[in-house]
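Grab a pencil and your viewer of choice. Here are a few exercises on helix packing and chain contacts, each with a worked solution.

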Amino acid sequence: MLTNILSIALGAILINNFIFSQFLGCCPFLGCSSKVDTATGMGLAVVFVMGLASAICWVVDTYILVPLGLDFLETLAFILVIAALVQFVEMFLKKMVPSLYTALGIYLPLITTNCAVLGVVLLNVQNHYNFIESVVYGITGGLGFMLAIVLFASVRERIQFADYPECFEGFPICLVSAGLLALAFMGFSGMQIFG
Amino acid sequence: MTTILYSILVLGALGAIFGAVLAYASKVFHVEVDPRQEAVREALAGANCGGCGYPGCDGYAAAVAAGEAPCNKCVAGGAATAAKVAEIMGVANDAAEKMVAFVPCSGAHDIAEPRFNYSGPVDCRAAMLFGGKSSKLCTFACIGLGNCERACQFDAMHVENGVAKVDRSKCVGCGACVDACPKSIVKLIPESQKIMPACRNQDKGAQVMKICKVGCIGCMKCQRECPADAIVVTNNVATVDVSKCVQCGHCADVCPRHIIEYFGK
C-alpha cells in the first residue's frame, strides 16, 4: 500500500510531470511564470485545488455516476464539480482564512478552467485509483506542477540578462527554454518504481 | 431512454445542489466590504503604478478605507484625486506637493567620454556588471540603457543620446523610475523647484574636466553668487537646498559649465 502510494507520488512529480510529459496546464505555466513569487502562489493554489478536486470527484464518480451507469458523463460532471468547488473554496477562504486567501490571490479563480485539474480527476478514473490514491495523485500532481512552474520562473528571471538573438525576444525564447526544460524531464520517462 | 432521463436528472440535480450550496455559502461566508473602499477605488487614477507604496490601486483603496493611509498618496491622480478621496472619506484634504522625476546627469554620448564600447544586453543592471559600473569614464554617469524608460507607465522618461531625460509635462511623480534605476541616479524633486544641478559627479574638478565636457567641477561660483545661500558645493558637486531656493535662476546663468538646469524659462 505504502510503496504503491510512493510510486504514484514520485510518478506524478517527476516521471509523468503534468506539464513536461503530459502537457497539461501549459497556459498558467507560461502566463504566471515571469516571477518566482507569482509562480509559487500559482503552484500552491494548484496543489490545493487539485487535492480537493480529486477527493470530491472520486466521491461523485464512485457513488453517483458509476452506479447509475453514467460514466460517459464524467468529463461534464467533473467540470461542474471543479467550477463549483473553486468558487466555494474562494468564498470559504476569504471568510475563514484571509491570510491564505491573500496569499493565493487572483490565482484561485484562474484555476477553474485549468486543464491540469480536469486532467488529474479524469486520470484518477482511468487508472482505477481508490480514494486515498486519488487524493495522493491530485496533491503530488499539483506539487509536480509547482516544481515545474517555479523552476521555469527561475530560468525566466535569468533569461532577462542572457544575450540571445533579437528575433527570440519575449515569448519565443520562453518557449525554447520551456522545451529544453521538458527535454530534461524526459530523462525520467519510462522509469518504473517498485516494479 | 432511461439513460437520457438519468443523465438529465443527475446533471440537473448536481447543478442545482451546487448552485444552492454556493448561494447559501455566499450568504454564510459573506465578507463585509467597506462601501467607501469601492468609492475610493473609483476615484483613483487606476494606473496601478505603485507610486503610493501599496500593491496596486485596490491595495491603496483598502488601506484608505481602513484609515491606515492618508488621502493624498495617489501621485498619478494628483491634487484632484486627493480632493475626491478626501471628500469620500470625510476628512480634510492636505494635498501633497506634486513631485517630478529628475535625472542629475548630462553625460550624453558626445559629452561624457566613453570607457569602453558596450554591446551587451540592453539593461542597465547588466551593463553595471562591467568595470567601473558604467560604460562612461564618469562612474556617476547615467548608463542610458533605459531601465527607467521601460519602468515608466506614462511615457515620460526617454533615453536621448545615452542619457535619460524626463518629460515634465507627462511625469506624474510615481517614482517607478527611481526604483528601476540600478545606480539610484533618478530622484524625485518638487515640481515647483525650478533649479537643479544636472550632475552628481563627486570627483575633483580636474578629473571631471578630463572625462566630461559639462560636469560640475565644484568651482563654487554658484555658491558665492547665490542671493539666498541655497546652493552649496559639497563633495565637489553643487546641491540645492530646496527649502531656501528662491528660484531666481542666477546660479544657472553664472555657471561656467552650464550644468545647472533652469526649468522656469
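What follows is a set of four exercises, each solved step by step.

Before starting, note that this is a predicted model, where local features need pLDDT of at least 70, side-chain atom pairs count only at pLDDT 80 or more, and totals for chains, interfaces and linings use all residues. Residues are numbered from 1 along each chain as its sequence is written, chains are lettered from A and ligands numbered from 1 in the order in which they are written, and side-chain values use heavy atoms, with hydrogens and water left out.

**Exercise 1.** Work out how α3(A) and α4(A) are oriented to each other.

Solution. Start with the elements: helices are DSSP runs of H or I, at least four residues long, numbered from the N terminus. In chain A, α3 covers residues 36–65 and α4 covers residues 74–96. Next, take the geometry: the angle is about 135°, and the axes are 9 Å apart. (Axes are lines fitted to C-alpha atoms over the stretch in contact, and angles run from 0 to 180 degrees between N-to-C directions.) Now classify: under 35 degrees is roughly parallel, over 145 roughly antiparallel, 65 to 115 roughly perpendicular, and the rest oblique. So α3(A) and α4(A) are oblique to each other. Last, look at the side chains: A:F48, A:L52 and A:I56 are among the α3(A) residues that meet α4(A), whose partners include A:F78, A:I82 and A:L85. (Contact means heavy atoms within 4.5 Å.) By class, this contact has 16 nonpolar, no polar and two charged residues.

**Exercise 2.** Do the same for α7(A) against α8(A), then for α4(A) against α7(A).

Solution. Take α7(A), residues 115–126, and α8(A), residues 131–159: they pack at about 150° with axes 10 Å apart. That angle makes α7(A) and α8(A) roughly antiparallel, therefore. On the α7(A) side you'll find A:V120, A:L123 and A:N124, which meet A:S134, A:Y137 and A:G138 of α8(A). Sorted by class, the residues of this contact are three nonpolar, three polar and no charged.

Now the other pair: the axes of α4(A) and α7(A) come within 10 Å and cross at roughly 135°. Hence α4(A) and α7(A) are oblique. Their contact includes A:F78 and A:I82 from α4(A), plus A:L118 and A:L122 from α7(A).

**Exercise 3.** Describe the interface of chain A and chain B.

Solution. Count first: 22 residues of chain A are in contact with 20 residues of chain B. Then the area: about 1,800 Å² is buried between the chains, 86% of it on carbon and sulfur atoms. (Buried area is the accessible area, with a 1.4 Å probe, that two parts lose on being put together, summed over both.) Finally, the rule finds zero salt bridges across this interface.

**Exercise 4.** Which parts of chain B does the salt bridge of B:D58 and B:R41 tie together?

Solution. Recall the rule: a side-chain nitrogen of Lys or Arg within 4 Å of a carboxyl oxygen of Asp or Glu. Over all chains, the structure holds three salt bridges. In one of them, B:D58 pairs with B:R41, with the closest N and O atoms 2.8 Å apart. B:D58 lies in α3 of chain B (residues 56–65) and B:R41 in α2 of chain B (residues 35–43), so the pair ties together parts 17 residues apart in sequence.

How values were computed: Helix = DSSP H or I, 4+ residues; strand = E, 2+ residues; numbered from the N terminus. Nonpolar A, V, L, I, M, F, W, Y, C, P; charged D, E, K, R; others polar.
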